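The exercises below ask you to read a protein model from its fold down to individual side chains. Work through each task with the sequence and the coordinates at hand before turning to the solution.

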Amino acid sequence: MQIKYFHYKIFYVEDALLQTASAILRLARGIRAVLDNPLEEALKLDFTELMALRLIEEGIPSPTELSKEMQVPAPTISRILNRLVELGLVERSVDSANLRRFQLGLTEGGRQARAKTRKIVAQVLREHYGHIPEGVLSAALASLAALEPYLKEARYA
């Protein structure tokens, strides 16, 4: 009898993990679907480029760290950064502590693009999801906040 319960518990946990992951991915795809076009039309930047700008603004100091955080290969990060530098949104400077490394920072144009991004995201989210009751959003945020440390822990394992 204990064996059946034990197996049931394993399947339940695996099923709950699968359902949770599926729900998060499904919701993320839905949110991204409503954000992609307005952001790309207004800023002429794709989602990955916008994510790089956000992370640089939040203090990611180097291309290597950006690659790790975004979980994107280094050559892809180089292409993204080259485009952002060409557009005048990001500046690369040599790290004085290690001349083989670059430090990343937003230019004034990059800061303006981030401000515009925040404004567009807020507007689009209000239009599409403003009907969700505050209590539902608070409960969802609390649940995701509780889950996040476990997901980050596994990310770099």
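Throughout, a residue is called buried when its relative accessible area is under 20%, exposed when it is over 50%, and partly exposed in between, with a 1.4 Å probe and protein chains only as cover. The model is predicted, so local features need a pLDDT of at least 70 and side-chain atom pairs count only at pLDDT 80 or more, while totals for chains, interfaces and linings use all residues. Residues are numbered from 1 along each chain as its sequence is written, and side-chain values use heavy atoms, with hydrogens and water left out.

**Exercise 1. Fold and confidence**

Task: establish the order of the helices and strands, and find which element has the lowest and which the highest mean pLDDT.

Solution. Start with the assignment: helices (H or I, at least four residues) and strands (E, at least two) are DSSP runs, numbered from the N terminus. On this basis the protein has 6 helices and 2 strands, and along the sequence they follow the pattern α-α-α-α-β-β-α-α. Next, turn to pLDDT, the predictor's confidence in each residue on a scale from 0 to 100: the protein averages 88, and 88% of the residues score at least 70. Finally, compare the elements, where helix 1 (residues 2-43) has the lowest mean, 81, and helix 5 (residues 108-129) the highest, 97.

**Exercise 2. The nonpolar core**

Task: determine which element gives the most residues to the largest nonpolar core.

Solution. Begin with the overall burial, which covers 22% of the 157 residues in the protein. A nonpolar core is a set of buried Ala, Val, Leu, Ile, Met, Phe, Trp, Tyr and Cys residues joined through side-chain atoms within 4.5 Å. The largest such core holds 25 residues, of which L53, L66, M70, L84 and V90 touch the most other members. At least two residues of this core come from each of helix 1, helix 2, helix 3 (63-70), helix 4 (74-86), strand 2 (98-106) and helix 5. Helix 2 gives the most, with 5 residues. As background, nonpolar side chains tend to be buried together in soluble globular proteins.

**Exercise 3. Helix 2 and its ends**

Task: list the buried residues of helix 2, and identify the side chain with which E49 makes a polar contact.

Solution. In helix 2 (residues 47-57), the buried residues are E49, L50, A52, L53, L55 and I56. E49, a member of this helix, counts as buried because its relative accessibility is 5%. Its side chain makes a polar contact (a pair of N or O atoms within 3.5 Å, where within protein one must be able to donate a hydrogen and the other to accept it, and residues adjacent in sequence count only if both atoms are side-chain atoms) with the side chain of R83, at 2.6 Å. At the start of the helix, a side-chain oxygen of D46 comes within 3.1 Å of the backbone nitrogen of T48. Just after the helix, G59 takes a positive phi of about 110°.

**Exercise 4. Positive phi outside glycine**

Task: describe where K44 and Q71 lie, and state whether each is buried or exposed.

Solution. The general background is that most residues other than glycine have a negative phi. K44, with a positive phi near 60°, lies in the loop between helix 1 and helix 2 and is exposed, with a relative accessible area of 56%. Q71, whose phi is near 55°, is found in the loop between helix 3 and helix 4 and counts as exposed at 53% relative accessibility.

**Exercise 5. Salt bridges**

Task: count the salt bridges, and examine the pairs E58 and R54, E65 and K68, and R111 and E108.

Solution. A salt bridge is a side-chain nitrogen of Lys or Arg within 4 Å of a carboxyl oxygen of Asp or Glu, and by this rule the count comes to 7. In the bridge between E58 and R54, the closest N and O atoms are 3.1 Å apart; E58 is exposed at 55% relative accessibility, whereas R54 is partly exposed at 31%. E65 and K68 form a salt bridge with their closest N and O atoms 4.0 Å apart, and because they are 3 residues apart in helix 3, about one helical turn separates them. The side chains of R111 and E108 meet at 3.4 Å, N to O, and these residues, being 3 apart in helix 5, are likewise separated by about one helical turn. In addition, salt bridges that share partners join E57, R114 and R118 into one network.
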